[in-house]
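Me: I've got a model open and I keep tripping over the labels people put on it. Can you walk me through where they come from?

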Amino acid sequence: MGILPRSSYYTRDNRQTAALIRARQPYLVKNIFTGIGLTAFVISVYAFTIKAVAQDDFSDVQIPDAPEQSPHTPHTGAARAPGQVSVSGRK
């Protein structure tokens with residue numbers, strides 16, 4: 001597998017060259033406004049959601065009593081029946 005050629009837009013220590021800065025310059029203002037717009041949208045959706053959820057009133061919902069605990073809880077381990085062979089072949 002061959003080595004990929006280095007991009008001419010970055011120096012050996014991965015800094016932008018003047019050519020890359022010139023190429024990105026026309027999009028700088030558009031990208032800033034797009035970022036501001038997306039950030040404003042996300043914050044507004046978050047604020048609306050928090051405000052909508054805060055209005056919920058659960059006072060009319062009945063909370064059921066705690067379920068009764070049985071005196072004997074069933075064993076849920078991996079116990080084997082007498083004579084049953086485990087996966088490894090040992091008892």
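**Where the labels come from**

Reply: Sure. Let's start with Asn 14, which sits in the segment before helix 1. Keep in mind that this is a predicted model.

Me: Why is Asn 14 called exposed?

Reply: The cut-off for exposed is over 50% relative accessible area. Asn 14 has 59%, so it counts as exposed. Its backbone is worth a look too: phi is positive, about 60 degrees, although Asn 14 is not a glycine. Most residues other than glycine have a negative phi.

Me: What makes the pair Asp 13 and Arg 15 a salt bridge?

Reply: The N to O distance between their side chains is 3.1 Å. The limit is within 4 Å, for a side-chain nitrogen of Lys or Arg and a carboxyl oxygen of Asp or Glu, so the pair qualifies. A search of the whole structure finds one salt bridge. Arg 15 is exposed as well, because its relative accessible area is 57% and the line is drawn at over 50%.

Me: How do you know whether Thr 17 is buried or exposed?

Reply: Buried means under 20%. Thr 17 comes in at 17% relative accessibility, so it is buried. Thr 17 is also in the segment before helix 1, which covers 18–24. Leaving out residues up to four places away in sequence, it touches Ser 8, Tyr 9, Tyr 10 and Thr 11.

Me: And why is Tyr 9 called partly exposed?

Reply: Partly exposed is what lies between the 20% and 50% marks. Tyr 9 has 35% relative accessibility, so that is where it falls. Tyr 9 belongs to the segment before helix 1 too. With residues up to four places away not counted, Tyr 9 touches Arg 15, Gln 16, Thr 17, Ala 19 and Leu 20. Tyr 9 and Ala 23 are 14 residues apart in sequence, yet their C-alpha atoms are 9.5 Å apart in space.

Me: How do you know that the length of helix 2 agrees with what is expected?

Reply: Helix 2 has 27 residues, 28–54, and at 1.5 Å a residue it should span 39 Å. The end C-alpha atoms are 39 Å apart, so the two agree.

Me: What makes helix 2 "hardly covered"?

Reply: The count of buried residues among its 27 residues is zero. Val 29 is in helix 2, and it helps make a nonpolar surface patch of about 520 Å² with Leu 28, Ile 32, Phe 33 and Ile 36. In an α-helix, residues three or four places apart point the same way, because there are 3.6 residues a turn.

Me: What about the whole chain: how much of it is buried?

Reply: Buried residues make up 2% of the 91 residues. The chain has two helices and zero strands. Its accessible surface is about 9400 Å², with 62% belonging to carbon and sulfur atoms.

Methods. Residues numbered from 1 in each chain as written. Predicted model: local features only at pLDDT ≥ 70, side-chain atom pairs only at ≥ 80, totals over all residues. Heavy atoms only, no water. Helix = DSSP H or I, 4+ residues; strand = E, 2+ residues; numbered from the N terminus. Expected span 1.5 Å × (residues − 1). Buried < 20%, exposed > 50% of the residue type's maximum accessible area, 1.4 Å probe, protein only. Areas by Shrake-Rupley, 256 points an atom, 1.4 Å probe, with all protein chains shown as cover. Patch = residues over 30% accessible without salt bridge, like charges linked within 9 Å, V, L, I, M, F, W, Y side chains within 5 Å. Contact = heavy atoms within 4.5 Å.
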